Amino acid sequence: APHVALVVITGLSDDAIALEALKIGAEDFLVKGNFDGPVLVRSLRYAIERKQAEKVLRREHIMFARTEGIAHIGSWEWDIATDTVTWSDELFRIFQRDPREGAPSFAEQNAFYHTNDMARLQQAVEAAVADGTPYELELRAIRKDGETRMCVARGVAEMDLGGRTVGLFGSLQDITERNHAENMLRESRERYRSVFENS
């Protein structure tokens with residue numbers, strides 16, 4: 001019952017067991033004889049409030065994922081110190097990559113963009129890391145099936161208290177269909193204007 005708030009009460013005063021109970025889903029751990037009524041009430045209240053907060057976070061995560069899917073926007077984060085990159089589900093869908101394989105490091109993303117576009121992206125990322133300059137670029141992204149998609153990449157630096165860049169975060173929006181629709185509309189207007197002028 002993953003949505004039930006659990007408080008473990010045991011006769012064993014063992015920190016290892018307490019940590020294990022918390023890891024597998026308990027909200028709190030109490031030892032018999034070491035708590036009274038007010039402590040139990042406080043522990044139960046904390047457990048219930050935490051479960052409610054988890055439920056709200058889950059709901060927000062689902063809404064955010066749906067919104068990303070509708071807008072074809074994937075989000076990402078890069079922790080520079082550990083070179084750890086995190087992708088949202090939509091970003092995996094845009095590139096047709098399996099989330100179980102994990103997000104590639106920034107250095108491994110050369111094959112994900114056309115060569116010239118990757119060079120522009122690297123310059124923008126270097127500037128963001130060096131002095132916190134945000135960027136917005138139109139790039140040609142290459143999916144796993146080889147199809148090229150037009151995307152808008154945005155990135156913003158995350159700074160520590162000393163003003164040093166510790167990471168980047170941003171988004172990648174697939175605008176292929178939008179560009180296609182805009183081109184068709186432009187061609188239609190040009191045809192209409194040509195017909196009108198000729199008549």
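# A look inside a predicted model

Reader: Which element gives the most to the lining of the largest cavity?
Author: S7 does, with 3 residues. This is a predicted model, where local features need pLDDT of at least 70 and side-chain atom pairs count only at pLDDT 80 or more, while totals for chains, interfaces and linings use all residues. Residues are numbered from 1 along each chain as its sequence is written, and side-chain values use heavy atoms, with hydrogens and water left out. S3, strand S4 (84–87), H3, H4, S5 and S7 each supply at least two lining residues, but the top contributor is S7.

Reader: OK, what volume does the largest cavity have?
Author: A cavity here is a set of points on a 1 Å grid over the protein atoms alone where a 1.4 Å probe fits but cannot get out. Volume is the space filled by probe spheres set on those points, which are joined across faces, edges and corners. The structure holds 1 cavity of 30 Å³ or more, and the largest cavity comes to about 190 Å³.

Reader: How many residues of its lining are nonpolar?
Author: The largest cavity is lined by 17 residues (each with an atom within 4 Å of a point), and Trp76, Phe106, Gln109, Tyr113 and Tyr135 lie nearest its centre. Nonpolar covers Ala, Val, Leu, Ile, Met, Phe, Trp, Tyr, Cys and Pro; Asp, Glu, Lys and Arg are charged, and the others, Gly among them, are polar. No lining residue is charged and 2 are polar, which leaves the nonpolar count at 15.

Reader: Let's turn to H4. What arc do its buried residues cover around the axis?
Author: H4 (115–131) has 17 residues and reaches 25 Å from first to last C-alpha, close to the 24 Å expected at 1.5 Å a residue. Its buried residues (under 20% relative accessible area, 1.4 Å probe, protein chains only) are Asp117, Met118, Leu121, Ala124, Val125 and Ala128. They sit on the same side of H4 because, going by the directions from the helix axis to the C-beta atoms, they cover an arc of only 125°.

Reader: And which residues are exposed on the other side of H4?
Author: The buried side has cover that includes strands S3 (73–79), S5 (135–142), S6 (148–159) and S7 (165–174). Over on the other side, the exposed residues (over 50%) are Thr115, Asn116, Gln123, Glu126, Ala130 and Asp131.

Reader: How far apart in space are Ile94 and Arg143?
Author: Ile94 belongs to helix H3 (89–95) and is buried, at 4% relative accessible area. Leaving out residues up to four places away in sequence, Ile94 touches His72, Ile73, Gly74, Arg143, Cys151, Leu172 and Asp174, a contact being heavy atoms within 4.5 Å. Ile94 and Arg143 are 49 residues apart in sequence, yet C-alpha to C-alpha the spacing is 7.1 Å.

Reader: What is the phi of Gln96, roughly?
Author: Most residues other than glycine have a negative phi. Asp83, in the loop between S3 and S4, has a positive phi near 50°. Gln96, in the loop between H3 and H4, is partly exposed at 30% relative accessibility. Not being a glycine either, Gln96 still has a positive phi of about 60°.

Reader: Zooming out, how many strands does the protein have?
Author: Helices (H or I, at least four residues) and strands (E, at least two) are DSSP runs, numbered from the N terminus. From the N terminus on, the order is β-α-β-α-β-β-α-α-β-β-β-α. Alongside 5 helices, the number of strands is 7.

Methods. The expected span of a helix is 1.5 Å times one less than its number of residues. On a 1 Å grid over the protein atoms alone, a cavity is a set of points where a 1.4 Å probe fits but cannot get out, and a pocket is an open set with protein on both sides within 12 Å along at least five of seven lines; lining residues have an atom within 4 Å of a point.
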